[in-house]
Amino acid sequence: METPKPVNNAPQEENPMSIRDIWNLCVNNWKWFVLSVAVCLAAAAFYILRSVPVYNRSSSVLIKEDSRSGSVGADISSAFSDLGLGNTSVNVNNELINFTSPDLLMQVVRNLNLDVNYTRDGFFHDYTLYGTSLPVRVRFLDIANNAGAALTVTPVDSTSVRLNEFVFGGNKAKGEDYTVAYGDTVATVAGKLLVERADYVRNFDFPVRVTRSGFQSATRSCKGRLSAALSGKNTTVIDLNYRDVNTQRAEDVLRMIINVYNENWIKDKNQISISTNDFIADRLNIIEQELGNVDKTITTYRSEHRLPDYASAAQMDMQISAEAGKQLMDLNNQLSIARYLQSDIRAAGNGSLLPANVGLNDPRPAAVFAARRRPYLPGQLHQGSERADPVLPARAVLLAGACERHPVAGGPAPLRRAPAEGQGGPVPLPPAEA
């Protein structure tokens with residue numbers, strides 16, 4: 001029978017590694033450490049040299065919002081907005097989206113020809129040519145908007161270049177090799193091409209790779225490099241940032257974005273004004289037609305009923321009023337004269353002599369006054385005068401002679417002789433004519 005051996009469960013003591021041992025290990029393998037550091041630095045340097053540097057350019061735009069709340073202009077804008085003529089107010093959030101809209105960026109791509117990219121070979125990476133560094137420009141005249149193509153432009157001499165290494169539709173084209181002078185057009189697999197000399201670089205001695213990506217592809221690339229955001233929570237300033245491998249192109253893109261935005265804003269305002277003017281003109285034409293129909297109706301009614309127009313009626317009323325005023329004044333004058341004669345007759349009695357013309361238009365008072373003058377003797381004409389007047393008797397003799405030569409029918413017989421000198425009494429005179 002075997003006796004079981006005792007089991008020792010006590011932990012065994014481990015021999016820990018000291019710092020000295022670690023140091024000795026590193027010193028013994030120092031070559032591996034130096035090699036790994038050198039490899040990492042070389043890989044980092046190669047990555048940096050191989051990578052194309054990307055630059056960032058920014059710009060800020062102030063959006064002016066419509067703050068005329070409660071004003072007459074705001075009421076008019078609201079009225080036209082209700083009529084479907086568009087709202088003229090500005091919302092900064094909408095404008096923020098408008099800056100990155102594909103339509104706006106498509107116009108930027110077309111204006112700056114960003115669908116065509118120019119590069120040249122470098123030791124570690126290709127260099128982008130744009131603006132002042134661009135030696136040659138190629139224009140695709142009849143290619144489709146979204147078609148892609150590529151070719152290489154190599155200088156031959158100071159007046160011509162060589163076009164080769166064509167790629168169209170993703171396939172390399174064989175047998176496409178052309179020598180073209182500046183300003184000439186050549187028909188290629190990618191359509192007609194126009195080669196132009198650049199404005200800044202006159203001569204170059206390196207091949208240039210020309211890549212055409214299409215408008216939609218260039219617009220998507222431009223949209224991916226552009227970012228827009230509000231500078232603050234309660235501000236109306238939009239910050240635009242654009243990343244590109246060429247600083248001049250980035251600045252031109254930001255500048256063109258702002259210019260195109262302003263042009264579109266002006267076009268929208270002009271379109272609103274044109275729509276408003278058209279709306280007002282249409283309404284005025286309708287009102288004019290309605291008023292013309294009303295005028296025709298009024299003219300027809302007047303012609304049928306023989307009624308004068310307003311101007312003639314007003315003129316007639318004024319003439320009638322003036323004539324009535326004149327007649328009223330004349331009647332008042334005659335009434336005053338009649339009242340004066342009435343009071344004078346009552347004061348003088350029946351023996352007074354009445355005038356022949358008193359200014360009354362009615363012939364009946366004049367006939368009454370003439371009838372009252374006939375019974376009076378001619379001697380009554382000098383009542384109230386002095387009897388010893390030396391002139392009056394001579395005048396009476398002359399009047400008596402005149403009456404004798406021209407007797408009046410129905411009147412008293414005139415005296416034949418004048419009284420003796422020194423005798424008193426009146427001298428009869430012939431009666432006055434009626």
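This text describes how two helices pack in a predicted model and which nonpolar cores the chain contains. Local features need pLDDT of at least 70 and side-chain atom pairs count only at pLDDT 80 or more, while totals for chains, interfaces and linings use all residues. Residues are numbered from 1 along each chain as its sequence is written, and side-chain values use heavy atoms, with hydrogens and water left out.

Helix 5 covers residues 102-112 and helix 6 residues 215-225 (helices are DSSP runs of H or I, at least four residues, and strands runs of E, at least two, numbered from the N terminus). The two pack at an angle of about 110 degrees, with their axes 9 Å apart (axes are lines fitted to C-alpha atoms over the stretch in contact, and angles run from 0 to 180 degrees between N-to-C directions). Helix 5 and helix 6 are therefore roughly perpendicular to each other (65 to 115 degrees). Helix 5 contributes Pro-102, Leu-105, Met-106, Val-109 and Arg-110 to the contact, and helix 6 contributes Phe-215, Gln-216, Ala-218, Thr-219, Cys-222 and Lys-223 (contact means heavy atoms within 4.5 Å).

The largest nonpolar core has 26 residues (a set of buried Ala, Val, Leu, Ile, Met, Phe, Trp, Tyr and Cys residues joined through side-chain atoms within 4.5 Å, buried being under 20% relative accessible area with a 1.4 Å probe, protein chains only). Phe-99, Val-108, Val-253 and Ile-257 have the most contacts inside this core. Helix 4 (92-99), helix 5, helix 6, strand 13 (237-244) and helix 7 (247-305) each supply at least two of its residues. Helix 7 gives the largest share, seven residues.

Definitions and conventions
Angles under 35 degrees count as roughly parallel, over 145 as roughly antiparallel, 65 to 115 as roughly perpendicular and the rest as oblique. Buried means under 20% relative accessible area, exposed over 50%, partly exposed in between (1.4 Å probe, protein chains only).
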